[in-house]
Amino acid sequence: MRLRVEFTTEPFDLDEAPAHALVAREVIETAGLDAVDVGPFGNTAEGGADRVLTAVDALLRKSLQAGATRVSLQVNVIDDALGEDGR
């Protein structure tokens, strides 16, 4: 199964990316996911279910520890026909 995660962390800072946003970005960029798109107002990534769910766990734990007061996320199944490794 493949999943897509979309997330944001708060509070926002338009002048400089806060520590929690940088931590969240690092987690997603190093998780071995596909189609990673990070931006100032929203982030998305796709991958096999195990990798996405592991990344979401790390994202929540690390961004909250780094000062996030809110994390909004949505997880969608994007292709149930593919195997766990995304093939």
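Start your tour at Leu53, which sits in helix α2 (residues 49-65). Keep in mind as you go that the model on your screen is predicted. Is Leu53 buried, exposed or partly exposed? Its relative accessibility is 48%, so Leu53 counts as partly exposed, since the exposed class begins over 50%.

**Across to Pro18**

Keep Leu53 selected and add Pro18. How far apart are Leu53 and Pro18 in space, C-alpha to C-alpha? The answer is 24 Å, with their positions 35 residues apart in sequence.

**The largest pocket**

Pro18 is a good doorway to the next stop, as it is one of the residues closest to the centre of the largest pocket. This pocket holds about 270 Å³ of space. Its lining is made of 18 residues, and beside Pro18 you can select Ala21, Gly39, Pro40 and Phe41 as the others closest to the centre.

Now colour the lining by residue type. You should find 10 nonpolar residues, six polar ones and two charged ones. Which element gives the largest share of this lining? Helix α1 does, with four residues. Both β1 and α1 supply at least two lining residues each.

**A nonpolar patch on the surface**

Hold on to Phe41 and add Phe12 and Leu14. Together, Phe12, Leu14 and Phe41 make a nonpolar surface patch of about 390 Å². Zoom in on Phe12, which you will find in the loop between β1 (2-10) and α1 (19-29). Phe12 counts as partly exposed because its relative accessibility is 46%.

**Salt bridges along β1**

Next, switch on the side chains and look for pairs of opposite charge. How many salt bridges does the model contain? The count comes to five, and three of them are worth a stop here.

- Select Asp34 and Arg2. They form a salt bridge whose closest N and O atoms are 2.8 Å apart. Asp34 belongs to strand β2 (residues 34-38) and Arg2 to strand β1, so this pair links distant parts of the chain, 32 residues apart. The two partners differ in cover: Asp34 is partly exposed at 36% relative accessibility, while Arg2 is buried at 10%.
- Move on to Glu46 and Arg4. Here the closest N and O atoms of the salt bridge are 2.9 Å apart. Because Glu46 lies in strand β3 (residues 43-48) and Arg4 in strand β1, the pair ties together parts that are 42 residues apart in sequence. Glu46 counts as buried, with 18% relative accessibility, and Arg4 is partly exposed, with a relative accessible area of 28%.
- Finish the list with Arg70 and Glu10, a salt bridge with its closest N and O atoms 3.8 Å apart. Arg70 is in strand β4 (residues 70-79) and Glu10 in strand β1, so parts 60 residues apart in sequence are tied together by this pair. Glu10 is partly exposed, with a relative accessible area of 23%.

**Last view: a network**

For a closing picture, show four residues at once: Arg2, Arg4, Asp34 and Glu46. What links Arg2, Arg4, Asp34 and Glu46? They are joined in a network of salt bridges. Try turning the model while these four are shown, and look again at the pairs you visited: Asp34 with Arg2, and Glu46 with Arg4.

Terms used. Residues numbered from 1 in each chain as written. Predicted model: local features only at pLDDT ≥ 70, side-chain atom pairs only at ≥ 80, totals over all residues. Heavy atoms only, no water. Patch = residues over 30% accessible without salt bridge, like charges linked within 9 Å, V, L, I, M, F, W, Y side chains within 5 Å. Areas by Shrake-Rupley, 256 points an atom, 1.4 Å probe, with all protein chains shown as cover. Salt bridge = Lys/Arg side-chain N within 4 Å of Asp/Glu carboxyl O. Buried < 20%, exposed > 50% of the residue type's maximum accessible area, 1.4 Å probe, protein only. 1 Å grid on protein atoms, 1.4 Å probe; cavity = no way out; pocket = protein on both sides within 12 Å on 5 of 7 lines; lining within 4 Å. Points joined across faces, edges and corners; volume = space filled by probe spheres on them. Nonpolar A, V, L, I, M, F, W, Y, C, P; charged D, E, K, R; others polar.
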